[in-house]
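Colleague: Could you take one residue of this model as a starting point, look closely at its setting, and then work outward from there to the rest of the chain?

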Amino acid sequence: GESFSCQLRSSLKKSSVSSEEDGDNVIDFVAEQISHHPPVSAFHASSPQHGLSLTTYMNSNSKFLGMNVGVDLVGRGRLYVSKHNEEYLFNFPSVYCRSILTSPWIEFTGRVRVACPQTGYVATITFLSKVGHFLTLTKLQFSALLYSVQSDTLLPAGSSHYFFTPCFPF
């Protein structure tokens, strides 16, 4: 299939008040369409100096819904953190582009499960849709649960409900 690769280099400061640089940060990225029917893409990004490696594969199921476009992202991801020898396995939420002909905005919806087999911890993040009432579209919401699979118990402060105002209008 077709492939794309690139390398992003940047110099980051150690802190916002320091002029001292942390050195070059390098992110290597490779993407390839591994199947055409159905279209499936695979991605790999790594930052060796930070010990991070991200590998994912996904295909999309798109639908046109009048003034909205919905995309179900079907696939899995794996984030490896070498410093702790931990991997985090996750799925993807659905993405909706709302009001595409007037004032477009993006919304995530659905449930994402992030699991770390090494620790036994699991986080479930539920993105809540805000469709319906025009006057209440100012806040996007998600709720999160953090629990241990071994003990099947919710961790302290492991259940939260968050609201935030989107900062990415078109």
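**A close look at Ser143 and its setting**

Modeller: In this predicted model, Ser143 counts as partly exposed, because its relative accessibility of 21% falls in the range between the buried class, which is under 20%, and the exposed class, which is over 50%. Ser143 has its place in strand 10, which covers residues 140–148. Its C-alpha atom is separated by 8.2 Å from that of Thr124, although the two residues stand 19 residues apart along the chain.

The setting around that strand is made of strands: the chain holds eleven of them and zero helices, so that, read from the N terminus, the order of elements is β-β-β-β-β-β-β-β-β-β-β. Of the 170 residues in the chain, 25% are buried. As general background, the side chains of a regular strand alternate between the two faces of the sheet.

A second link across 19 residues of the chain appears among the aromatic rings, of which four pairs are counted in the model. The rings of Phe90 and Phe92 have their centres 5.6 Å apart and their planes at 85°, and because an angle over 60 degrees is the criterion for edge-to-face, that is how this pair is classed. Both partners are buried: Phe90 has a relative accessible area of 17%, and Phe92 likewise counts as buried at 17%. Phe108 and Phe127 make up another aromatic pair, with 5.8 Å from centre to centre and 50° between the planes, and this pair is tilted. It links distant parts of the chain, since Phe108 belongs to strand 8 (residues 105–116) and Phe127 to strand 9 (residues 121–128), with their positions 19 residues apart. Phe108 itself is partly exposed, at 37% relative accessibility. Elsewhere, Phe4, Phe29 and Phe43 come together as one aromatic cluster.

Phe43 is not the only reason to look at that stretch of the chain. Strand 3 (residues 39–47) and strand 4 (residues 52–65) are paired in the antiparallel sense through seven bridges, and within that pairing His44 has Thr55 of strand 4 as its bridge partner. The two strands form a hairpin with four residues between them, and in the turn Gly51 takes a positive phi of about 70°. Just ahead of the hairpin, the peptide bond between His37 and Pro38 is cis, with omega about 0°, and Pro38 is placed in the loop between strand 2 (21–36) and strand 3.

The same region also contributes to the largest pocket, which encloses about 160 Å³ of space. Its lining consists of Leu8, Ser10, Asn25, Ile27, Ala45, Ser46, Ser47, His50, Leu52, Ser53, Leu54 and Leu79. Strand 1 (3–13), strand 2, strand 3 and strand 4 are the elements that give two or more residues to this lining. In terms of residue class, the lining is composed of six nonpolar and six polar residues, with no charged ones.

Backbone angles deserve a further word. In general, most residues other than glycine have a negative phi, and most peptide bonds are trans. Two residues other than glycine can be set beside that background. Asn85 has a positive phi near 50° and is found in the loop between strand 5 (68–81) and strand 6 (86–90); at 49% relative accessibility it counts as partly exposed, because the exposed class begins only over 50%. Ser99 also has a positive phi near 50°, lies in the loop between strand 7 (94–98) and strand 8, and is partly exposed with a relative accessible area of 22%.

Finally, the cysteines: a search of the whole structure finds zero disulfides. Cys97 is partly exposed, with a relative accessible area of 22%, whereas Cys116 counts as buried because its relative accessibility of 3% is under the 20% limit. Returning to the starting point, Ser143 in strand 10 is thus a partly exposed residue at 21%.

Terms used. Residues numbered from 1 in each chain as written. Predicted model: local features only at pLDDT ≥ 70, side-chain atom pairs only at ≥ 80, totals over all residues. Heavy atoms only, no water. Pairing = 2+ DSSP bridges. Disulfide = S-S within 2.5 Å. Buried < 20%, exposed > 50% of the residue type's maximum accessible area, 1.4 Å probe, protein only. Phe/Tyr/Trp six-rings, centres within 6.5 Å; stacked < 30°, edge-to-face > 60°. 1 Å grid on protein atoms, 1.4 Å probe; cavity = no way out; pocket = protein on both sides within 12 Å on 5 of 7 lines; lining within 4 Å. Points joined across faces, edges and corners; volume = space filled by probe spheres on them. Nonpolar A, V, L, I, M, F, W, Y, C, P; charged D, E, K, R; others polar.
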